[in-house]
Amino acid sequence: MDVDLDLLGNERLARLQGAMEAHDLEACLLFSEPNTRYATGATAMPIWSMSTFTRCAVVPVEGAPILFEHPNSVHRSRLRAVDVRAMHAWEFYDDPGEQARMFAGEAVSALRELGARGDRVGVDRLGTPGFLALQALGLELVDSAPATQEAREVKTSQEVPLFRQNGEIVTATLAEFEAAIAPGVTERDLFAVLASGMLGRGAEYMATNTVCSGPNTNPWRAEATDRALEPGDLVYVDTDTVGVEGIFFCVSRTFVTPGAEPTTEERSTYQAAQEWVLGMTELVRPGITCAELAAAAPKIPERFIPQRYECMIHSVGLEEESPSVCHPQDVQSNPDRVIQENMALVVECYMGEVGGNHGVKLGDEILVTAGRPEVLAPYPYARALLV
């Protein structure tokens, strides 16, 4: 991996602290796994940590953060973070309020050590015992999201090669996935191929298990089951993988199971989806706003509108991030947000009629460049559905 991990961490921290200053934050207390990782470089048991208050990055607007970490993971986090201390967690105790007050005292001491008074401290997520304990000590807690989202939306010089490396992993894994599609294979069998390919190449974990076939392809938002594929079934996959160094990859493809020809209706749905993804991707460029993208978006055939995907474009980094572009008929929450070079975006759609017997999911992950967008995992579209 041709990536300087020290530079990766330094550039991320600089972006975060610059955004904190711009949003008038004196410090941040970050509990969310992607945010603590962005601020410190450290991660340990990320899936478990997403539902448990097990670490907290205390980030000043200047200087090195302090990372409070699960005591049994301190040794691991010290491989990446400068200052790591055991965290006094409050969950899984019979007296969480008292335990949270102990943590709050340690957190406030760390803030004071870093020169912060406790005015306008950004917090991303915090359970009720922790919130009440910190509030009782006089901290002015505000939402950290405006700063963390702004920091993470443009990728650094070391993140860009990580995206390209992970794109190669996704492309290789999709080839194995497509080769495994055959009558009698179950959706869970195929998901195992996807997971094996990604994890075996260094990915960290699967965020979803979206592998669907035949009637399970409509409506969207189904998950892998024990259904066995039949000849001619459509099969779609959304990779949704946290890859090497935590880079999130969200690429969607739809294939046809060998043994029978796809129907005219399935081909029509597929080609509408492919044309839309390619057309939408061509519109992406530095300087265009989210509102302008929404207004210029290729028109989705009316029959697919009721079950449209929740957005047309969303950003990715250490998770699904901002900005996003909503459909023209939906409320655009960030119309003036400008697309910038080195943003990593996902252009994706779902097309399937209400009550239909099939649906198609397609999407590409792209890097915004000065010229045309760079498709990071350029896996071929299904020829059998384009004839």
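**Figure 1. Helix 1 leads the lining of the largest pocket in this predicted model.** Helix 1 (5–22) contributes seven residues, the most given to this lining. Helix 2 also supplies at least two residues. In total, 18 residues line the pocket. Nearest its centre lie Gly-9, Asn-10, Thr-40, Arg-80 and Val-82. The pocket holds about 280 Å³ of space. By class, its lining has nine nonpolar, four polar and five charged residues.

**Figure 2. The largest cavity has a volume of about 50 Å³.** The model has two cavities of 30 Å³ or more. Lining the largest are Glu-33, Pro-34, Arg-37, Pro-46, Met-50, Tyr-205, Val-242, Gly-246 and Leu-318. Helix 2 (33–40) and helix 3 (46–50) each supply at least two of these residues. Helix 2 gives the most, with three. Six of the lining residues are nonpolar, one is polar and two are charged.

**Figure 3. The second largest cavity encloses about 30 Å³ of space.** Its lining is made up of Arg-12, Tyr-38, Arg-152, Lys-155, Glu-159, Ile-247, Gly-317, Leu-318 and Glu-321. Five of these residues are charged, three nonpolar and one polar. Leu-318 lines this cavity and also appears in the lining of the largest cavity.

**Figure 4. The side chains of strand 13 point two ways.** Strand 13 covers residues 313–316. Ile-313 and Ser-315 point one way. His-314 and Val-316 point the other way. Buried or exposed, what are these four residues? All are buried. In a regular strand, side chains alternate between the two faces of the sheet.

**Figure 5. Strand 13 and strand 14 form a hairpin.** Three residues connect the two strands. Strand 14 covers residues 320–325 and runs antiparallel to strand 13. Four bridges join the pair. Which residue of strand 14 is the bridge partner of His-314? The partner is Ser-324. Glu-321, in the lining of the second largest cavity, falls within the residue range of strand 14.

**Figure 6. Strand 13 also pairs with strand 15.** Strand 15 spans residues 344–351. These two strands run antiparallel, joined by three bridges. Here Ser-315 of strand 13 has Leu-345 as its bridge partner. Ser-315 is buried and points the way Ile-313 does. His-314, which points the other way, has its bridge partner in strand 14.

How values were computed. Residues are numbered from 1 along each chain as its sequence is written. This is a predicted model: local features need pLDDT of at least 70, side-chain atom pairs count only at pLDDT 80 or more; totals for chains, interfaces and linings use all residues. Side-chain values use heavy atoms; hydrogens and water are left out. Buried means under 20% relative accessible area, exposed over 50%, partly exposed in between (1.4 Å probe, protein chains only). Two strands pair if DSSP finds at least two bridges between them. On a 1 Å grid over the protein atoms alone, a cavity is a set of points where a 1.4 Å probe fits but cannot get out, and a pocket is an open set with protein on both sides within 12 Å along at least five of seven lines; lining residues have an atom within 4 Å of a point. Grid points are joined across faces, edges and corners, and a volume is the space filled by probe spheres set on the points. Ala, Val, Leu, Ile, Met, Phe, Trp, Tyr, Cys and Pro count as nonpolar, Asp, Glu, Lys and Arg as charged, and the others, Gly among them, as polar.
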